[in-house]
Amino acid sequence: MENMVAESFKYMILGMGIVFVFLYVMVLVLQFQAKMIGKYFPEKPADKGGETAGVDKKKVAAAIAAIQHHKNLRK
Amino acid sequence: MKRSLVAALLLFFTLFVTGASADEHHQPAAAAVEKSVEATHSENHDKSMWQLLSSFYKTTGIYAFTNPKDGVVNGEGEEVSKFHQSWGRIIMIGITLILFYLAIAKGFEPLLLIPIGFGGLLANIPMANMTSDHGFLGVIYNAGIANEFFPLLIFMGVGAMTDFGPMLANPKTALLGGAAQFGIFGTLVGAAALSQFTPLFDFTLQDCAAISIIGGADGPTSIFIATKLAPDLLGAIAVAAYSYMALVPVIQPPIMKALTSKEERVIVMKQQRKVHRLEKLFLPLIVLGLSILLLPESTPLIGAFAFGNFAKESGVVDRLSDTMQNALINIVTILLGLGVGSKLAAEKFLVGDTLGILILGLVAFAVGTAAGVLMAKLMNRLSSEPINPLIGAAGVSAVPMAARVVNRVGMDEKPGNILLMHAMGPNVAGVIGSAVAAGVLISIFN
């Protein structure tokens with residue numbers, strides 16, 4: 001090996017270059033993928049529960065009222 | 001072994017015979033034993049008590065440690081110097097005891113240092129020759145380390161344990177995992193310069209590459225590369241890599257603090273978005289696809305890693321991914337540790353190179369950390385979203401230790417500023433980055 005330092009310097013340029021190109025392309029692909037998946041496979045909205053909870057509250061209130069009414073009648 | 005057993009038997013019968021009747025030398029029972037002994041070791045015939053004792057003494061460890069001889073060969077048939085037969089072995093046994101202490105009392109990577117240390121202890125036993133091709137450690141070494149098999153199985157298990165969610169949530173931070181690989185290549189240049197211009201070290205370029213991979217802070221990758229490029233240095237490289245990984249909480253914080261300002265350390269990062277399941281499922285395929293296109297040399301490492309991760313994220317083979325994460329990786333860790341330990345034999349470890357490897361490994365680690373932090377500083381300046389430069393230190397692939405250290409330093413500066421998940425992104429990207437760096441080195445030297 002004539003000049004190890006020059007040689008290793010070239011390896012460094014090549015190595016860091018490849019590592020960055022690899023990761024950069026990966027980042028681009030991942031960002032693209034996130035966009036595509038977000039568009040075509042949207043997560044089902046998880047906060048659907050809010051509305052049903054509202055309905056439930058009304059029903060629960062009605063049920064309590066009905067039971068209370070029934071009890072009152074029996075007295 | 002056999003001879004010492006026979007000697008012990010003979011000793012017993014001789015005592016019996018001399019005690020019972022002094023003038024009768026050939027009792028029937030004793031004669032029968034002597035006959036069978038004669039069949040295997042004719043030279044043992046008719047020995048006096050003293051001769052027996054002295055020949056037994058020559059088979060003891062005490063004799064081997066105190067009377068080094070010329071012409072003793074190790075498992076690979078290389079001659080072992082007198083120093084390495086006596087004090088060398090004793091020093092190495094002392095070093096393995098230190099490794100046990102660090103693993104047990106200090107909690108330094110005990111899963112690896114205990115098997116490596118014990119392998120080293122066994123490798124330094126005189127006469128037992130456990131590192132030879134037919135010895136216990138030699139068989140393990142040839143079965144899975146000489147052919148680079150065990151590191152790949154470990155990588156598979158690491159893949160099955162890794163959650164890429166944090167990286168997917170903020171892909172840009174993956175670049176930090178690339179910056180930290182400067183520890184590898186920067187040290188490569190440094191080691192080459194020191195070997196060429198100073199009489200301090202005398203490493204070849206292959207050796208330099210194998211040593212500098214310690215900067216990737218990735219045990220299996222280091223072992224993989226060392227076996228390929230510089231098998232003689234394997235023991236020292238593996239011990240250095242795992243020791244420094246264990247020392248991450250000691251080595252990294254001062255570097256992180258020196259390179260960042262107080263204002264930078266208290267930066268709060270945005271809450272991460274939720275990652276879709278499909279993104280995680282596709283990730284191992286994307287990474288593997290890229291390495292097929294750009295760097296097929298790295299596909300053994302990345303392929304095993306991607307397989308493990310794919311099995312985990314597929315969600316339908318929990319049994320397999322569970323085996324890879326637990327049973328398999330545990331078994332392989334035992335074998336890998338013992339096999340690497342076999343390279344801690346005195347004649348391999350107690351050489352000038354080892355000190356060089358330990359020093360250069362530490363430099364590689366520190367440079368990698370620094371490069372990650374500096375890159376994170378740069379990204380913080382350029383990016384619209386705030387990035388805490390501390391997370392750059394997690395770009396070295398010691399998962400999850402480096403990310404935890406980042407989290408702790410962040411919490412010290414500003415209680416409640418949880419950086420753990422943000423640091424896991426560069427951390428897992430660092431695993432990919434160091435595998436890619438390894439692939440580059442392999443492709444250069446092939």
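Begin by colouring domain 2 (82-137) and domain 3 (148-445) of chain B: both contribute residues to the lining of the largest pocket, so the pocket lies between them. The model shown is a predicted one.

**The pocket**

Display the largest pocket as a surface; its volume is about 780 Å³. Its lining comprises 31 residues, and those nearest its centre are B:E109, B:V158, B:M161, B:V399 and B:P400. Colour the lining by residue class next: 21 residues are nonpolar, six are polar and four are charged.

Then show the helices around the pocket. In chain B, α7, α9 (149-161), α14 (219-229), α15 (234-246), α20 (318-341), α23 (401-413) and α24 (420-445) each supply at least two residues of the lining. Select α20(B) among them, as it gives the most to the lining, with five residues.

**Two stops close to the pocket centre**

Select B:V399 and B:P400, both of which are among the lining residues that lie nearest the centre of the pocket. The peptide bond that runs from B:V399 to B:P400 is cis, and its omega is near -10°. B:P400 itself belongs to the loop between α22 (352-382) and α23 of chain B.

Move to B:E109, another of the lining residues nearest the pocket centre. B:E109 sits in the loop between α6 (87-104) and α7 of chain B. Its backbone deserves inspection: phi is near 35°, a positive value in a residue other than glycine.

**The loop between α7 and α8**

Follow chain B through α7 (110-123) to the loop that precedes α8 (136-145), where B:S132 is located. B:M127 is placed in this loop between α7 and α8 too. Select B:M127 to examine its backbone: phi is positive, at about 70°, although the residue is not a glycine.

Now centre the view on B:S132. Is this residue buried or exposed? The relative accessible area of B:S132 is 17%, and since buried means under 20%, B:S132 counts as buried. Draw a distance from its side chain to the backbone oxygen of B:N129, which it reaches at 3.1 Å. To see what surrounds B:S132 beyond its neighbours within four places in sequence, select B:G75, B:G138 and B:V139, with which it is in contact.

**An arginine in α17**

Select helix α17 (residues 262-265) of chain B, which contains B:R265. B:R265 has a relative accessible area of 10% and is therefore buried. Which partners does its side chain reach? One is the backbone oxygen of B:K257, at 3.2 Å. Another is the side chain of B:E413, with which the side chain of B:R265 makes a polar contact at 3.0 Å.

Expand the selection to the residues that B:R265 touches, leaving out those up to four places away in sequence: B:K257, B:T260, B:N388, B:L390, B:E413 and B:N417.

**The whole chain**

Finally, zoom out and show chain B as a cartoon. How many helices and strands are there? Chain B has 24 helices and zero strands. Colour the chain by accessibility: of its 446 residues, 55% count as buried. A contact map completes the view: among contacts in chain B between residues at least 6 apart in sequence, 74% join residues at least 24 apart.

Terms used. Residues are numbered from 1 along each chain as its sequence is written. Chains are lettered from A and ligands numbered from 1 in the order in which they are written. This is a predicted model: local features need pLDDT of at least 70, side-chain atom pairs count only at pLDDT 80 or more; totals for chains, interfaces and linings use all residues. Side-chain values use heavy atoms; hydrogens and water are left out. Helices (H or I, at least four residues) and strands (E, at least two) are DSSP runs, numbered from the N terminus. Buried means under 20% relative accessible area, exposed over 50%, partly exposed in between (1.4 Å probe, protein chains only). A polar contact is a pair of N or O atoms within 3.5 Å; within protein, one must be able to donate a hydrogen and the other to accept it, and residues adjacent in sequence count only if both atoms are side-chain atoms. Contact means heavy atoms within 4.5 Å. On a 1 Å grid over the protein atoms alone, a cavity is a set of points where a 1.4 Å probe fits but cannot get out, and a pocket is an open set with protein on both sides within 12 Å along at least five of seven lines; lining residues have an atom within 4 Å of a point. Grid points are joined across faces, edges and corners, and a volume is the space filled by probe spheres set on the points. Ala, Val, Leu, Ile, Met, Phe, Trp, Tyr, Cys and Pro count as nonpolar, Asp, Glu, Lys and Arg as charged, and the others, Gly among them, as polar. Domain bounds come from an automatic or database domain assignment.
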